[in-house]
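Please work through the exercises below with the sequence and the structure open beside you. Try each task on your own before you read its solution.

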Amino acid sequence: MRRFGVAMLALAAASPAVAQIRVEEVPATRISADLAAGRTSSAAVTAAYLARIAAIDAKGPTLRSVIAVSPDALAQARASDARRKAGKVLGPLDGVPVLIKDNIETKELPTTAGSLALKDNRTGRDAPVVAQLRAAGAVILGKTNLSEWANIRSDRSMSGWSAVGGLVRNPYALDRTSCGSSSGSGAAAAASLAAVAVGTETDGSVVCPSAMNGLVGLKPTLGLVSRTHVVPISHSQDTPGPMGRSVADVALLFSAMVGEDPADPATKGANAYRKDYAAGLRADALQGMRIGYWRPDMAADLAARFDQALAALRAAGATLVEVKMPKLDGIGEAEQLVLFTELKADLAAYLATTPAAVKVRTLADVIAFNQAHAAAEMPFFGQETFLKAQATKGLDDPAYRTARATSQRLAGPEGIDAMLKAAGAEILVTPTYGTPWLSDPAHGDQFVGPSASELPAVSGYPHLTVPMGLVNGLPAGLSFLGTAHSDGLLLRAGHAYEQASKARVAPAYRATIPANLGPRSLE
C-alpha cells in the first residue's frame with residue numbers, strides 16, 4: 001500500500017522549472033546559499049525533488065523510501081519564496097525541503113508508523129519538532145517509510161519493511177538492507193530525494209540506516225529534541241535525529257530541532273543548547289584533540305577501512321589512544337526489559353490521543369489487529385516482541401526500575417565515561433556497524449560485525465556516524481561518541497574527519513554487488 005500524492009508527483013515531473021534545477025548530491029548548505037543569493041527558488045528546488053521522487057523512488061530503482069508526499073509542498077515552497085522577496089527570511093533553513101519519518105506527526109498527512117492499524121491516524125497536529133522546522137522555514141516535503149512500529153514488533157523483522165510502504169531498498173545495492181528503523185529517511189537522503197531527513201532512534205535507528213546508506217546521522221543527547229506526538233517505544237531512549245549527506249547539512253538541520261517542550265519533561269533546559277551548530281565547524285578541529293578508540297570484532301576488510309579512518313584522524317592532528325571495551329554483563333537484558341515495559345505504557349498513552357478513526361488504543365489492541373489482518377501485516381515475520389512487551393508488569397515494577405538504573409549505570413559511568421577516562425580523551429571512535437546485508441524475508445535481519453549504538457542509546461549520550469567509505473561496494477560508518485551534551489563537539493570532530501578523509505561515495509543504484517568486487521575490495 002503506497003500513499004504517494006500521484007497528482008503532485010505528476011505535476012512536479014512536468015514542471016518546466018525542473019530541467020533547470022539539479023538537486024542530486026547538492027548539499028542543503030548550498031541550497032540555502034543559492035536561495036539567499038537568488039540563484040534559485042524554493043519552488044524550483046521543491047519541484048525538482050518531487051520529480052526525483054517520482055523518477056527514483058516510485059519508478060526506476062523503486063527505492064520505496066517515501067511513503068507519502070505533502071499535498072501542499074509546492075505551496076509551502078512558494079510561501080518561502082514570498083517571505084524571501086519581502087525580506088522576512090526565517091533563517092538558513094527557510095525554503096529547504098525536508099523529509100520526515102512516518103512515526104512523527106505532520107498536520108497535513110496521516111502518521112502510520114508503517115502499520116495499517118494507524119492508516120487513519122490523521123491528527124491534524126505537527127509534532128513540536130516539526131513545528132520548529134516549519135518555524136525555521138523548512139518545506140515539509142513528505143513522510144518516509146520505516147521499519148514498521150520502528151522495528152520493535154518482532155525479533156525476526158526485516159528492516160525497512162512496513163505494511164503501508166513495502167520494503168525500502170538500499171541505493172548502493174538494491175538487494176541490500178537500508179537498516180532501520182529510519183530506513184526510508186536513510187535511503188531517501190542518500191538518493192537526494194530531499195536535502196536532509198529526520199529519523200528517530202531508540203537504539204541504532206538513526207545511526208544504522210545512516211551508516212548503511214552512506215550518510216551522516218546524529219542521535220542527539222536525550223532531551224535536546226522533543227518526542228511529543230512521535231509514535232513511541234521508550235521515553236528513556238527515544239529521540240528524533242537529523243540525517244544528511246554531510247556533517248554541515250546535519251548541523252544545519254539539528255540547529256532547528258533543539259528546544260524545550262513543556263509536554264516532554266526530558267527537554268527541560270534544552271533551550272540552553274539552542275545555537276547554530278553549523279557555525280562552529282572547522283576543518284582543523286582535530287588539531288590537538290585526544291581521541292580514544294576500540295577495535296571490536298569485525299571482518300578484515302572492515303578493519304582495513306577502520307585503519308584508514310584512524311590514519312585520517314591522525315593526519316588531521318588528533319592523538320589516538322586505544323582503549324578496551326569494559327565488560328558490561330547484563331546490559332542487553334536490562335535494556336530489553338526497559339524497552340518492553342515502556343513500549344506497553346508509552347504506546348497506550350500515545351494511542352489515547354489519536355482520532356476516533358484509529359481503533360487501537362493499547363498494545364493488546366495492536367496485537368489483536370495484527371492477528372486479524374495477518375496476511376497484510378505479518379506475511380514475513382510475526383509479533384513475538386509485542387507479545388513479550390504485553391507480558392510486562394508496568395512502570396512501577398521493581399524489576400523494571402532496577403533494569404533502568406542498571407542499564408544507565410553500565411552504559412554511562414561504567415561504559416562511555418570509563419573509556420573516556422581511561423584514554424584521557426575528549427571523544428571516542430569506533431566502526432558504527434558492519435556493511436549492509438541482503439534483505440531476506442525468510443530469515444530477517446542478519447546483523448554481523450560491530451555495533452556501536454547500544455551504549456549511547458541507553459545512556460542518552462550523543463552518537464554521530466560519518467561515512468568512512470565503501471567496503472566491497474557497500475557503505476560503512478565511523479562513530480563519534482561523547483558524554484552528555486557533547487553534540488557540538490562530535491559534529492566538529494566529525495566534520496574535520498569528513499574534510500580530511502573525503503570518504504563518502506555517492507550511490508550507484510546497482511541491482512547487486514558485482515562479482516568482481518571481491519572480499520578484499522575497499523572500493
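**Exercise 1: around helix α5**

Just after α5, Gly-137 takes a positive phi of about 95°. The model in which this value is found is a predicted one.

Task: Find which residues of helix α5 (residues 128-135) are buried, and state what covers them.

Solution: Begin with the helix itself, where Val-129, Val-130, Gln-132, Leu-133 and Arg-134 are buried. Then look at the elements that cover these buried residues, which include the helices α4 (73-85) and α8 (247-255) as well as the strands β2 (97-101), β3 (139-144), β6 (196-201) and β8.

**Exercise 2: the two faces of a strand**

Task: Determine which residues of strand β7 (residues 216-219) lie on each side, and with which strands β7 pairs.

Solution: Start from the rule that in a regular strand the side chains alternate between the two faces of the sheet. In β7, Val-216 and Leu-218 are on one side, while Gly-217 and Lys-219 are on the other, and all four are buried, so that both faces are covered. Next, follow the pairing: β7 runs antiparallel to strand β8 (residues 239-244) over 2 bridges, and Val-216 stands opposite Gly-244 in β8. With strand β12 (residues 463-471), β7 pairs in the antiparallel sense over 3 bridges, and here Gly-217 is the residue that stands opposite Thr-465.

**Exercise 3: a tyrosine and its contacts**

Task: Decide whether Tyr-49 is buried or exposed, and list residues that it touches.

Solution: First locate Tyr-49, which has its place in helix α3 (residues 42-57). Its relative accessibility is 0%, and because buried means under 20%, Tyr-49 counts as buried. When residues up to four places away in sequence are not counted, Tyr-49 touches Val-23, Val-26, Ile-31, Pro-97, Leu-141, Ser-192, Leu-193, Ala-194 and Ala-195. One of these, Ser-192, deserves a further step: Ser-192 lies in the loop between α6 and β6, and phi of Ser-192 is near 60°, a positive value in a residue other than glycine. Ser-192 is also buried, with a relative accessible area of 1%.

**Exercise 4: residues apart in sequence**

Task: Find how far Ile-367 is from Leu-387 in sequence and in space.

Solution: Ile-367 has its place in helix α11 (residues 363-372), and with a relative accessible area of 6% it is buried. Along the sequence, Ile-367 and Leu-387 are 20 residues apart, whereas in space their C-alpha atoms are 7.6 Å apart. Leaving aside neighbours within four places in sequence, Ile-367 is in contact with Gln-383, Phe-386, Leu-387 and Gln-390.

**Exercise 5: the backbone in two loops**

Task: Work out where the cis peptide bond between Gly-180 and Ser-181 is placed, and where Thr-62, with its positive phi, is found.

Solution: The bond that joins Gly-180 and Ser-181 is cis, with omega of about 10°, and Ser-181 belongs to the loop between β5 (166-167) and α6 (183-190). Thr-62 lies in the loop between α3 and β1 (66-69), and its phi is near 55°, although Thr-62 is a residue other than glycine.

**Exercise 6: the whole chain**

Task: Judge how compact the protein chain is for its length.

Solution: Count the elements to begin with, which come to 16 helices and 13 strands. The radius of gyration is 21 Å, close to the 24 Å that the globule rule gives for 523 residues, so the chain is as compact as a globular protein of that length. Finally, 62% of the 523 residues count as buried.

Conventions
Residues numbered from 1 in each chain as written. Predicted model: local features only at pLDDT ≥ 70, side-chain atom pairs only at ≥ 80, totals over all residues. Heavy atoms only, no water. Rg over C-alpha atoms; globule rule 2.2 N^0.38 Å. Buried < 20%, exposed > 50% of the residue type's maximum accessible area, 1.4 Å probe, protein only. Pairing = 2+ DSSP bridges. Contact = heavy atoms within 4.5 Å.
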